[in-house]
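Visitor: Please take a close look at a single part of this structure, and explain how its pieces fit together.

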Amino acid sequence: MFRRLLVVLLLASAALTGATPANAAPVFVPVTGVGSSWSANAIHQWRRNVDQYGMTINYEDPGSTEGRNQFRLGKADFGVSEIPYGLNDAGTGSADPPPPRGFAYMPIVAGGTSFMYNLKIGNNRVTNLRLSGENVVKIFTGVITSWDDKAIKVDNPQLALPARKIVPVYRSDGSGTTAQFTLWMSKEYPALWNDYCRRSGRNTPCGLTSSYPAPANFGVGKANSTGVASFVKQSSSEGAITYVEYSYAVNNNFPVAKVLNKGGYYVEPTAKAVAVALTFAGIDRTPGPNYLTQQLDQVYSNDDKRTYPLSSYSYMILPTRLEYGITENKGYTIAAFSYYFLCEGQQQADSLGYSPLPINLVKAGLEQVTQVPGAARNDIVLSKCNNPTFSPDGTNTLAKNAPNPPECDHVGTVQCATGTGGAKAPTPVTRGGGTAGGTGSAAPGAPGGSGAPGAADGTGGAGGGGDTNVAGSAGDVNAIPVSLEADGGWRLRHTMMVLAGVLLLMVIVGPPLLARRIQDGKS
């Protein structure tokens with residue numbers, strides 16, 4: 001009996017110290033990720049969610065550039081970035097070489113890079129600002145410097161905007177948000193962007209950069225998405241505008257500018273608008289290190305009137321080999337966390353200010369997870385994920401059912417009064433006969449209505465040989481490995497249950513045995 005008790009105590013000691021006996025089931029252990037602040041609001045929520053399963057996921061969000069560096073050096077178990085390794089950076093002149101360790105990219109969440117601003121007309125906060133893409137670029141390159149500029153008045157015909165200085169707020173650290181924004185500017189407005197880079201001392205042609213160029217006396221630089229958003233929302237920052245993931249505006253109860261798309265409508269980056277836009281994203285399917293990276297040229301030029309032009313994905317950089325401190329248990333934990341947010345976590349994307357991944361990227365992501373050492377391989381079924389983009393036939397439900405924008409958001413002489421982002425209170429509009437409302441909820445076929453538009457099921461073309469198909473078939477919904485119901489093998493509470501059973505047995509059996517031994521001694 002005492003020998004059995006000793007075995008139980010040894011198992012308990014192993015559980016307490018994190019040691020894993022040979023051939024034992026894998027266990028969850030703490031893991032650490034570093035990277036993107038663009039997707040941080042989603043990651044922080046997901047890691048809090050999985051705490052109930054016994055997972056400890058630590059995440060720091062100093063930005064995509066630092067995330068890639070920390071993963072490269074082996075100081076992080078996983079990284080998160082909006083841009084992959086190997087892109088030539090116009091700011092540093094380097095190619096940001098990939099790490100020597102094994103890795104794979106996995107899409108984690110979609111969203112829109114928005115333009116959060118702080119502006120008032122008298123004592124009333126403006127919540128319905130509209131900006132063309134050209135005017136966005138001119139603001140962030142110092143060409144337009146006042147909110148009452150004639151070009152901005154064209155975008156906002158029913159707002160009497162103040163003669164207040166515009167304060168562009170840019171990321172002072174290396175960031176994926178900056179990279180996505182500058183990539184869009186370099187593709188859509190190269191002349192304006194190259195001229196600004198030249199004035200900033202950068203070489204031209206000037207493409208993507210994760211380090212925003214800022215000549216003397218230009219704007220305000222702040223680190224991290226939280227930093228730029230916090231600066232803009234201060235009462236002393238009236239006139240400021242920044243580029244930041246939509247989630248930060250939503251969570252700070254601040255508005256964002258509606259951006260003019262190629263279909264002639266001003267649109268904000270809601271989950272549905274992003275979903276529509278990304279049906280035109282090209283996905284690199286070439287086997288190799290860039291597998292699943294995004295190609296966004298046709299997202300920018302998408303002429304669906306429901307689309308938000310600055311839409312993109314964020315990626316987790318997964319470890320694929322037992323090196324740089326990665327153990328089977330760490331891999332098991334990273335994989336279980338990944339399975340969770342690729343499936344269940346996507347249900348919260350909209351409420352957090354993001355857009356859930358479409359089914360093709362979820363399926364591809366689940367395949368990527370199987371490369372992580374120690375990944376479990378059982379029990380998750382796509383049809384049970386409850387992802388808002390999923391449907392039995394594989395089409396992107398969220399994009400297909402996205403409503404048309406209201407007619408008061410069409411380019412022209414009228415303007416919607418409804419608020420945006422996290423500031424839904426309307427802004428009264430003038431110069432034309434009262435308030436122009438419109439929320440897109442009219443009967444199908446009426447102006448501003450939500451009658452079913454043409455399907456947006458991912459049939460748009462892709463540049464560079466990318467695969468843009470979101471549509472699949474019911475036969476593609478396959479069982480994919482992992483179980484999140486289990487807490488990850490033998491845990492401390494299992495040991496305590498065994499100990500409790502042993503003690504109960506000793507209480508029941510011990511006294512009769514002891515009495516018999518005493519009786520035998522007397523005899």
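**The sheet and its surroundings**

Guide: Strand 8 (residues 167–171) and strand 9 run parallel and are joined by 3 bridges. The model is a predicted one, in which local features need pLDDT of at least 70 and side-chain atom pairs count only at pLDDT 80 or more, while totals for chains, interfaces and linings use all residues. Residues are numbered from 1 along each chain as its sequence is written, and side-chain values use heavy atoms, with hydrogens and water left out. The words "strand" and "helix" refer to DSSP runs numbered from the N terminus (E, at least two residues, for strands; H or I, at least four residues, for helices). Two strands are said to pair if DSSP finds at least two bridges between them.

Within the pairing of strand 8 with strand 9, Tyr170 has Gly221 in strand 9 as its bridge partner. Both strands belong to an open sheet of 8 strands, whose order is 2-1-3-15-4-10-8-9 and whose pairing is mixed. Strand 2 (57–60) and strand 9 (220–222) stand at the edges with a single partner strand each, so one side of each has no neighbour in the sheet. From one strand to the next, the twist averages 25°. Such angles run from 0 to 180 degrees between N-to-C directions, and the axes are lines fitted to C-alpha atoms, for helices over the stretch in contact.

Let us now turn to strand 15. In the order of the sheet, strand 15 stands between strand 3 and strand 4. Strand 3 pairs with strand 15 in the antiparallel sense over 3 bridges, and Gly79 stands opposite Ile317 in strand 15. Strand 4 also runs antiparallel to strand 15, and 9 bridges join these two. Here Gly111 stands opposite Ser312 in strand 15.

How many residues of strand 15 are buried? The count is 9 of the 9, so strand 15 is largely enclosed by the rest of the structure. Buried means under 20% relative accessible area, exposed means over 50%, and partly exposed lies in between (1.4 Å probe, protein chains only). Both faces of strand 15 are covered, with Ser311, Tyr313, Tyr315, Ile317 and Pro319 buried on one side, and Ser312, Ser314, Met316 and Leu318 buried on the other.

Ser314 serves as an example. This residue lies in strand 15 (residues 311–319), and it counts as buried because its relative accessible area is 0%. Leaving aside residues up to four places away in sequence, Ser314 touches Ser36, Trp38, Ser39, Val80, Ser81, Glu82, Met106, Pro107, Ile108 and Val109. Contact, in this account, means heavy atoms within 4.5 Å.

Several helices accompany the sheet. Helix 2 (residues 40–49) lies across strand 2, strand 3 and strand 4, and runs at about 160° to strand 2. Helix 12 also packs on the sheet, where it touches strand 1, strand 2, strand 3, strand 4 and strand 15; the direction of helix 12 makes about 160° with that of strand 15.

Helix 3 (residues 64–72) has 7 of its 9 residues buried, so it is largely enclosed by the rest of the structure. The buried residues of helix 3 are Ser64, Thr65, Gly67, Arg68, Gln70, Phe71 and Arg72. They pack against strand 1 (31–35), strand 3 (78–81), strand 4 (103–117), helix 6 (176–188) and strand 15. After helix 3 comes Gly74, with a positive phi near 80°.

Helix 12 leads, finally, to a disulfide, a term used here for a pair of cysteine sulfur atoms within 2.5 Å. The structure holds 3 disulfides, and one of them is formed by Cys343 and Cys385, with their sulfur atoms 2.2 Å apart. Cys343 lies in helix 12 (residues 328–343) and Cys385 in the loop between strand 16 (379–381) and helix 15 (397–400), so the pair ties together parts that are 42 residues apart in sequence. The torsion about their S-S bond is about -125°, so this disulfide is left-handed. Cys343 counts as buried because its relative accessibility is 4%, and Cys385 is buried as well, with a relative accessible area of 0%.
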